[in-house]
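Me: Please take a close look at one buried position in this model, then follow the fold outward to the parts that merit equal attention. I should like a connected account with the criteria stated as they arise.

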Amino acid sequence: MCGIVGFAGKDGAKEKVIDGLKRLEYRGYDSAGIALPINGKIEIRKHVGEIANLEKIIQDDDFDSSIGIGHTRWATHGAPSDVNSHPHANRDNSIAIVHNGIIENYIELKAWLSSDYGIKFKSDTDSEVIAHLIGIYYDGDLHQAVNKAVEQMRGAYAIAAIAADEPDKIVAVRKDAPLVAGQGDGFNFIASDIPAMLKYVRSVYFIENNETVVLTKDSIRIYNEEGKIVKRELYHVSWNADAAEKDGYDHFMMKEIHEQPKAIEETLVRRLNPDDSINLDGISMTKEDLEQFNKIYIVACGTAYHAGLVGKLTIERMAAIPVEVDVASEFRYREPFIDDKTLFIAISQSGETLDTLEALREAKKKGARVLSVVNVVGSSVARESDDVFYTWAGPEIAVASTKAYTTQLICMYLIALYMGRTKGLVDDTRYESILSELKALPAKVESILNNKKKIESIARKYYKREKVFFVGRGLDSGVSFEGSLKLKEISYINSFAIAAGELKHGTIALMEEDALVFALATQDFLYEKMVSNVKEIAARGARIIGVAKEGRKELAEITDEVIYIPEADDIVTPVLAVVPLQLFAYYVAKERGCNIDKPKNLAKSVTVE
C-alpha cells in the first residue's frame, strides 16, 4: 500500500519519478504527487485520483530537476484529497517527504509540534508530522535530521526526504515497510518495489529494517541503526521489464490469468531433479526433522490464506501432521501454542504483508522453525524466515491475485508430497501418480482458458445479481472462499462462501430466486453428497452454476449451467476449479464497468496492521 519513488541523476527527475509511480500504481491510486528541488526551493505538485490527473498539472517544462521524490497513495489517515496527498512539506517548504506506512503516535507528536513550535497542520494525515519533525531538527544535515525524527516515531514506515538546501541528495529510511535502492550509471533510485525502476536499472539493494539510505546520482550509502556504513551485495534482477506490461491485454488481471500455465510449470519443474525427486530450493528437512514436528501452523492473509486452506488438507493427508490455518491478523493475539516442535509456514505474495510478518516474528520468538512461501525475492518475509520456498509467478500487478494463488497451491503440493515421501507415507506409485497429475496441470489450465467464451456468456447473463454464494465440500470449500473473494474484490458484489454441508445450519434461509450459487463438485468421494446439497438449493429456487469434472452429467440435470474442468485427481482440482471463478469475476466486473486492476479501497501490498 502506497508507492514511493525517488530519483537522483543528472536531469529528467520528473519523467523518471512519474514513470516509476505508474508502475507502482497497483500499490495505491487514491492520489499522487511529486516534489522537486528547483532554484533553491522545493516545488510540490499533487492531485487526488489517478496519476493521469497529476500529469495534467506538471506539463510545464520549467517543472523539472535532477532529483525528485514521488508518491502514489492508498488512504489510511485522511480521505483522498489534494491536501492529504503526498508529498508533505514542513512549514517553510524547505523539507518534503513521502511516506508509506502508519505513524502510530502521530497524535501526540502533532500535539507536541503544535504546542511547542506553533506548527499548524494542513492535512488530516499522520505523514505530515514527519516533514515537520525533520524540519525542526534540520540544521544543514538532512541525514542527521531524518535520524533524529525517526527516534521520535513509532509505527511502520518507509520514508524518503529531500531538502531545498541539499538539492543533490535523498535520504530514505525503512521500518516494517518495503524499500529497495537501484544502482544505475550516473543515476540511482529508491522505491517501494523493483518494477518502479526496472526500466532503468537491474542492480538493486534490499534495504533492511531500521536502515537509512543516502542517495545521490553517484552513490548509494546504507547505514545501520548505529550510523555505520553497511556493505551489501547487489542483487541482479533477471526478469524482464515487459513482465510488468499489459502485453496487449485490456487488463493486467486477464494477462495474469493467462500466465498461469507458464507460472505453474515454472514453479513445478524448477523443483524436480532428473529422477523426479523434489528439491525444496535446498531446504534440508529430514525424516527426523519431520517426525519431531507435532504441529504445523499455516498463517497468511486473503488469497494466500485460501491457499493455506488447501495446503492444510493436502499436508494432513500426505504427511499425517496436524495442521492449523489462521488469519495472520488474529494469530498473534490469541496466544498460539508454539514451541521448537512447531513448523510455521507463512504464505505471502509480496513478502511484505505486515500482519504475516509480525506473526512470523512471534513464531520465531517461541522457537518455531519458519518456512515461507513467497513470490518476491529478498522480501522481508523471505529474509526473516529460516527456509524460503519461492513461487515462480513473476510480477503480479493486478490487485486481485490470480497466478500467485495457483503457484502457491503448487508449492503446497510439493511441500506436502516431499513430506509424505520423506516420512514413508506416500509410496512410489502414489508419488508418481500425483507428480504426473501436477505435470499435466499447465495444459489443463490452458484448455479451460481456451473455452473462456462460455464463462464470459454466463457472466453477461448474471452480472446484475447482487447476492452470490459459493459452496463446496472438502478441497472445494477452500476454493469457494477464493472464488467469492475474487468476485467481491473487483465487482463489489456482496458474495459469500460457505462449506456446503453448513448450508442447512442457517444460510439456506437466503436461497431464494434472486440468489446465484456457484456449486463446486470436483471431489469424487464427496460428489454424491454435493449433489444432494445442490438439490436442496434448487428446491428453494436459486439459480445454480455447477463446476465439475468432465462427464459428471448428474449435475447438469439439477443446475442452470455447468462449467466443466478436465478430469484430474481430486487433490489437484483446486488449481483447475479456481480458473473459471477467476474468469467469471473478471467478466462480471467488466460488464459492471469496474476498475478491474485497481479496485476501490484495495492495495496490492498491505504493509499496515
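Reply:

**One side chain and its wider setting**

Thr-267 is buried, its relative accessible area being 0% (buried is under 20%, exposed over 50%, partly exposed in between, with a 1.4 Å probe and protein chains only). The model is predicted: local features need pLDDT of at least 70 and side-chain atom pairs pLDDT 80 or more, whereas totals for chains, interfaces and linings use all residues. Residues are numbered from 1 along each chain as its sequence is written, and side-chain values use heavy atoms, without hydrogens or water.

Thr-267 belongs to helix H7, residues 260-269 (helices, H or I of at least four residues, and strands, E of at least two, are DSSP runs numbered from the N terminus). A polar atom of the Thr-267 side chain lies 3.0 Å from the backbone nitrogen of Trp-392 (a polar contact pairs N or O atoms within 3.5 Å; within protein, one must be able to donate a hydrogen and the other to accept it, and residues adjacent in sequence count only if both atoms are side-chain atoms). Leaving aside residues up to four places away in sequence, Thr-267 touches Thr-391, Trp-392 and Ala-393, and also Thr-407, Ile-410, Cys-411 and Leu-414 (contact is heavy atoms within 4.5 Å).

Helix H11 offers a view of burial across a whole element. H11 covers residues 354-365, 12 in number, and spans 17 Å between its first and last C-alpha, close to the 16 Å expected at 1.5 Å a residue (1.5 Å times one less than the number of residues). Nine of the 12 residues of H11 are buried, so this helix is largely enclosed by the rest of the structure. The buried set includes the charged-type names Asp-355, Glu-358 and Arg-361 alongside Leu-354, Leu-357 and Leu-360. Among the elements covering these buried residues are strands E7 (155-163), E15 (295-300), E17 (342-348) and E18 (369-374), together with helices H10 (328-331) and H12 (380-384). After H11 comes Gly-367, with a positive phi near 100 degrees.

Helix H14, residues 428-450, has 23 residues and reaches 34 Å from first to last C-alpha, close to the expected 33 Å. At its N-terminal end Asp-427 acts as a cap, with a side-chain oxygen 3.2 Å from the backbone nitrogen of Thr-429. H14 bends by about 40 degrees at Leu-441, and Pro-442 follows within four residues (the bend is the angle between axes fitted to the seven residues ending there and the seven starting there). Leu-441 and Pro-442 are both among the buried residues of H14, as are Tyr-431, Glu-437 and Lys-444.

An open sheet of five strands runs in the order E21-E20-E22-E23-E24, with parallel pairing (two strands pair if DSSP finds at least two bridges between them). Strands E21 (494-499) and E24 (561-565) stand at the edges with a single partner each, so one side of each has no neighbour in the sheet. From one strand to the next the twist averages 20 degrees. Helix H15 (452-462) packs on the sheet, touching E22 (516-521), E23 (543-549) and E24, and its direction makes about 150 degrees with that of E24 (axes are lines fitted to C-alpha atoms, for helices over the stretch in contact; angles run from 0 to 180 degrees between N-to-C directions).

Strand E20, residues 467-472, pairs with E21 in the parallel sense over six bridges. Val-471 stands opposite Ile-498, and Gly-472 opposite Ala-499. Both faces of E20 are covered, with Lys-467, Phe-469 and Val-471 buried on one side and Val-468, Phe-470 and Gly-472 on the other. Ala-500, in the loop between E21 and E22, is buried at 0% relative accessibility. Its C-alpha lies 5.0 Å from that of Gly-472, although 28 residues separate the two in sequence. Ala-500 also touches Val-471, Arg-473, Met-530 and Asn-533.

Some backbone details complete the account. Most residues other than glycine have a negative phi, and most peptide bonds are trans. Ala-320, between helix H9 (302-319) and strand E16 (323-327), has a positive phi near 55 degrees and is exposed at 53%. Glu-335, in the loop between H10 and E17, has a positive phi of about 50 degrees and is exposed at 65%. A cis peptide bond, with omega about 0 degrees, joins His-86 and Pro-87; Pro-87 lies in the loop between strands E4 (67-73) and E5 (88-89).
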